[in-house]
Each structure stands twice: as structure tokens, then as C-alpha cells.
Amino acid sequence: RKKSISKVMEDIRYFADEMKAEYIFFWADNFFAYSKKEIDEFCEAYADIKIPFFCQTYPTTLDEYKFKRLVDAGLHKINMGLEHGNEKFRKKVVNRVYSNKKAIEQTKILQSYDVQCGLANIVGFPGETPELHMDTVKLNRIIQPHTASCSIFTPFHGTPLRKLAVKLGYMEDDYIAPANSEGSILNMPDFTKEQIYGKARTFNLYVKLPLNRYKDIEKAEDNTPEGDRIWEELKQEYFEKFGDVKDDGH
């Protein structure tokens with residue numbers, strides 16, 4: 001899943017020279033899959049580009065040597081796929097095997113550098129519950145990223161989690177899942193579509209606002225005129241405190 005560094009640089013030079021790019025987004029799930037030798041090769045080749053860039057990885061693959069080299073080369077922001085905060089559920093259902101302790105320790109590497117950190121999360125996995133989702137909130141609160149996103153699970157064809165959703169009776173086998181859906185298509189008795197939507201849209205509020213605001217945030221989960229009113233008020237409070245870091249409806 002890795003392009004050679006020479007091919008990467010060929011593409012970058014095209015965007016820099018021909019398209020006059022001002023920012024580079026590396027669309028790869030794990031940029032840190034490159035070896036230290038490859039990272040060195042990239043950083044040496046990128047030294048003349050001088051364009052800030054964004055890349056993605058996972059908390060447990062963070063490496064301080066690679067990270068420092070990338071920062072020196074122009075890394076501006078890094079996004080990490082956390083996905084879920086409950087260790088047992090993450091291992092059994094999501095097939096991400098790592099401890100929360102390791103994720104917390106690895107992300108401490110970022111604290112010594114002036115680089116923005118984002119965490120990508122998912123809500124509405126097959127078999128998930130509202131209580132399990134709050135473990136994702138808790139882990140994000142511990143790590144405290146600059147930004148966080150919470151996408152709603154989409155059961156794409158060919159994935160093990162789609163097969164699981166069908167097996168559990170949460171969806172029909174022939175259903176075509178919409179890309180980047182704003183709502184869940186799973187019919188789960190313990191985590192309704194309405195609950196999943198509410199958790200997704202209030203995710204950043206739960207992560208950043210004080211615990212004593214949780215009762216109000218819970219009310220803002222409801223997709224009703226009253227729930228929408230409270231959500232708008234809390235969202236305004238959020239932006240006043242933390243700035244306009246993510247306003248995508250979730």
C-alpha cells in the first residue's frame with residue numbers, strides 16, 4: 001500500500017510546480033508505514049519543497065524519530081484513526097488490537113511539537129451500544145486532540161463488518177450502503193439510528209466541554225426542535241471556547 005518515495009516526489013513536484021499548491025494532503029491511512037530509511041529519503045527530497053503538509057497514521061504506529069523528521073520537513077497537522085475507545089470491543093469487532101494505555105503513551109510524543117493533532121472516530125458499529133460509545137469519548141478526553149471527528153459507520157460491500165451486520169439481522173444483504181452517510185442504516189435494538197445520529201453530532205461537545213455540561217449535551221442529542229435549540233447553544237459555547245476547528249454538523 002506504499003508508493004515509492006521517488007513516485008511520491010514526482011507527484012509532489014507536479015502539484016508544487018504546475019498547480020502552485022500551497023498545502024499538501026497525503027491521502028494514506030498510515031504514512032508511518034514507511035521505514036525510517038524511507039522517511040529519511042522523503043524528508044531529504046522534500047527539503048526544497050517548503051510546503052506545509054498533512055498526513056495520517058494510527059496512535060500505536062507513532063514513532064518519535066519519524067515524527068521529528070517529518071516536523072522538520074514541514075509537517076503541519078497529523079490525523080490518527082482511533083475508531084473506538086473500548087479495548088475489548090475494538091479488538092473483537094473492529095479488529096484493531098492495541099491497548100488504550102499504549103495509545104495514550106504514544107500520543108504523548110506530540111506534546112513536545114507545534115503540530116496540530118486530530119483523532120478520527122466512528123460510532124454505530126454492529127453491536128455497539130451508547131455505553132460503549134462513551135468509552136470512545138473518554139479516550140478522546142484523555143488524549144485531548146486539537147480536533148476530533150466522529151463518522152457514522154457505513155457497512156460497505158466486501159468488508160467483514162458488513163457481513164457481521166447482516167448476520168446479526170441489522171440490515172438486508174442486498175442493501176447498497178450510501179457513501180459518507182449522515183445517518184446509520186443499521187436497525188439495532190440497543191443503539192437506534194436516532195441515538196447514533198445524536199451521539200455523532202454531539203461528539204466534540206462531550207470531548208471538550210466540562211463533565212457538568214453532560215446533562216445538557218444529552219438533551220442536544222435529540223433531533224427535535226428543543227434538542228436542536230440546545231445543540232446550537234452548546235455549539236456556540238464550544239466555538240467561543242475552542243475556536244472554529246470543526247463545524248461539519250458532527
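Biologist: Which residues of helix α7 are buried?

Modeller: In this predicted model, helix α7 spans residues 160-167, and a residue is called buried when its relative accessible area is under 20%. Seen down the axis of α7, the buried residues fall within an arc of 105 degrees, so they line one face of the helix. The residues concerned are L161, R162 and A165.

Biologist: Which residues are exposed on the other side of α7?

Modeller: The buried face of α7 is made by L161, R162 and A165, and exposed residues are those over 50% relative accessible area. On the other side of the helix, the exposed residues are P160, K163 and K167.

Biologist: Against which helix do the buried residues of α7 pack?

Modeller: The residues in question, L161, R162 and A165, are the buried ones of α7, and the chain just after this helix has G169 with a positive phi of about 80 degrees. The packing partner of the buried residues is a helix covering residues 87-94, namely α4.

Biologist: What is the order of the strands in the open sheet?

Modeller: The open sheet has 5 strands, and their pairing is parallel. Its edge strands, each pairing on one side only, are β1 at residues 24-25 and β5 at residues 147-152. Read across the sheet, the order is β1-β2-β3-β4-β5.

Biologist: Which residue of β3 is the bridge partner of C55?

Modeller: Strand β2 takes in residues 53-57 and strand β3 takes in residues 75-83, and the two pair in the parallel sense over 5 bridges. Within β3, the bridge partner of C55 is I78.

Biologist: Which residue in β4 stands opposite K77?

Modeller: Strands β3 and β4 run parallel and are joined by 6 bridges, and β4 covers residues 116-123. The residue of β4 that K77 stands opposite is Q116.

Biologist: Which residue in β5 is the bridge partner of A120?

Modeller: Strands β4 and β5 run parallel, with 6 bridges joining them, and β5 is mostly covered, since 5 of its 6 residues are buried. Along this pair of strands, V123 stands opposite I152. For A120, the bridge partner in β5 is S149.

Biologist: At about what angle to β4 does helix α6 run?

Modeller: Helix α6, made of residues 130-143, lies across β3, β4 and β5. Together, β4, α6 and β5 make a right-handed β-α-β unit. The direction of α6 relative to β4 is given by an angle of about 175 degrees.

Biologist: Which strands does helix α8 touch where it packs on the sheet?

Modeller: Helix α8 consists of residues 193-201, and its direction makes about 165 degrees with that of β5. Where this helix packs on the sheet, the strands it touches are β4 and β5.

Biologist: Which residues are linked with K3 in a network of salt bridges?

Modeller: The side chains of K3 and D11 meet in a salt bridge, at 3.0 Å from N to O, and the side chains of K7 and E10 meet in a salt bridge at 3.6 Å from N to O. K7 and E10 are 3 residues apart in helix α1, which is residues 5-18, and are therefore separated by about one helical turn. As for accessibility, D11 counts as partly exposed at 22%, and K3 counts as partly exposed at 47%. The network links K3 with K7, E10 and D11.

Biologist: With which residue does D72 form a salt bridge?

Modeller: D72 counts as exposed because its relative accessibility is 55%, whereas its partner counts as partly exposed at 43%. The two both lie in helix α3, residues 64-73, and are 4 residues apart, about one turn of the helix. With the closest N and O atoms 3.2 Å apart, the partner of D72 is K68.

Biologist: How many salt bridges does a search of the whole structure find?

Modeller: Among the salt bridges are the pair of D11 and K3 and the pair of D72 and K68. Over the whole structure, the number found is 16.

How values were computed:
Residues numbered from 1 in each chain as written. Predicted model: local features only at pLDDT ≥ 70, side-chain atom pairs only at ≥ 80, totals over all residues. Heavy atoms only, no water. Pairing = 2+ DSSP bridges. Contact = heavy atoms within 4.5 Å. Axes fitted to C-alpha atoms, helices over the stretch in contact; angles between N-to-C directions. Buried < 20%, exposed > 50% of the residue type's maximum accessible area, 1.4 Å probe, protein only. Arc of directions from axis to C-beta. Right-handed = clockwise from strand over helix to strand, strands pointing away. Salt bridge = Lys/Arg side-chain N within 4 Å of Asp/Glu carboxyl O.
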